[in-house]
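User: I'm new to this one and would like to know how the descriptions of it are justified. Can you walk me through it?

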Amino acid sequence: MLTQRADGLRLLTVHAHPDDESSKGAATLARYAEEGVDVLVATCTGGERGSVLNPALDRPEVLADIARIRREEMAAAREILGVRQRFLGFVDSGMPGPDEPLPEGCFAAQPVEAAAAPLVALIREFRPHVVITYDETGGYPHPDHVMTHRITVEAFEAAADPQRHPEAGEPWQAAKLYYHLALSRAWFQTLHDAMTDRGVPSDMGELLAGWPDTPPALATTTRIACAEKFAVRDAAMLAHATQVAPGVAFMAHPRDIEREVWPTEDYHLARSLVSAAGGAGGAGEVEDDLFVGLRAGVGAGVGAGVGVG
Ligand SMILES: [Zn+2]
């Protein structure tokens with residue numbers, strides 16, 4: 001059971017595999033956890049079909065025991081970030097080739113409504129004020145990431161509807177749904193330019209050369225200052241030892257440059273039930289907090305838009 005901390009703010013982030021919570025939005029989680037927000041990571045799959053990306057660990061005995069090893073890595077990352085974590089119990093879909101079918105029974109092959117049921121139950125149990133997940137592209141073309149988006153959108157709605165999943169607990173309406181804007185082209189370009197300007201070798205150029213410079217589909221509505229937690233983020237990522245290829249582009253840049261030129265993790269506010277009066281200021285104003293419009297109400301027991309009608 002998830003014991004509730006009295007009257008606190010609660011943040012739920014839904015990810016596809018163990019390690020995604022550490023590569024996308026991890027410093028945000030560490031910052032809010034330190035502030036006293038109750039932070040829960042929901043991990044849809046066990047990452048059973050992930051490759052071993054670290055050559056030092058690419059050994060038959062590791063591959064044979066990958067499900068257990070990834071659970072242990074997840075437990076270590078969870079401790080480093082200072083958050084709680086639950087697996088939703090689905091089986092990793094792997095990354096099928098262009099003409100390959102999805103493996104039978106895998107997460108991405110499930111019907112969306114049924115696959116959302118465990119997340120509906122978790123939302124009703126944990127009662128998050130804010131939920132974060134990927135946008136509809138998955139942020140990265142892995143079938144489990146796209147499916148994670150679909151079930152999270154479905155569960156955000158269904159958890160609040162007393163007619164849906166009546167066996168799965170009391171309805172709960174989360175107040176806001178955010179999408180990650182992590183690892184964007186603009187982020188890579190800014191870091192690449194900053195390194196090049198300073199005479200620091202960058203290996204992001206090749207990645208950028210093959211990445212069309214089209215405007216982002218989703219506006220940045222929210223920037224969370226979390227540079228002080230980048231070291232925690234990095235430690236959590238390294239705890240997923242089987243998943244960290246040495247020298248991979250997003251791990252190799254100097255952290256002092258990152259703290260200077262991109263000290264935030266960024267989000268798109270996709271849904272909000274917070275009234276405009278309690279929400280952000282004017283249109284176009286970028287928020288600096290995921291809980292804008294929710295802080296006054298929660299401690300005072302006002303409900304802050306999280307009541308269910
Ligand atoms: Zn993933």
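Analyst: Sure. Let's begin with a yardstick: the globule rule is 2.2 Å times the number of residues to the power 0.38, and the radius of gyration is taken over C-alpha atoms. Keep in mind that this is a predicted model.

User: What makes the radius of gyration of the protein agree with a compact globule?

Analyst: For 309 residues the rule gives a value near 19 Å, and the protein has 19 Å, so the two agree. Along its principal axes, the C-alpha trace spans about 55 × 45 × 35 Å.

User: How many of the residues are called buried, as a percentage?

Analyst: The buried share is 49% of the 309 residues. The label "buried" applies under 20% relative accessible area.

User: Why is a set of residues called a nonpolar core?

Analyst: A set earns that name because its members are buried residues of kinds such as Ala, Val, Leu and Ile, joined through side-chain atoms within 4.5 Å. Here the largest one has 30 residues, and Leu12, Leu88, Leu119, Leu122 and Ile151 have the most contacts inside it. Helix α7 (143–158) is among the elements that each supply at least two of its residues, and α7 gives the largest share, six residues. There's also a second, separate core of 25 residues, including Tyr32 and Val37.

User: Which residues does Leu12 touch?

Analyst: Leaving out residues up to four places away in sequence, Leu12 touches Leu40, Ala42, Leu119 and Leu122, among others. Touching means heavy atoms within 4.5 Å.

Conventions: Residues are numbered from 1 along each chain as its sequence is written. This is a predicted model: local features need pLDDT of at least 70, side-chain atom pairs count only at pLDDT 80 or more; totals for chains, interfaces and linings use all residues. Side-chain values use heavy atoms; hydrogens and water are left out. Buried means under 20% relative accessible area, exposed over 50%, partly exposed in between (1.4 Å probe, protein chains only). Helices (H or I, at least four residues) and strands (E, at least two) are DSSP runs, numbered from the N terminus.
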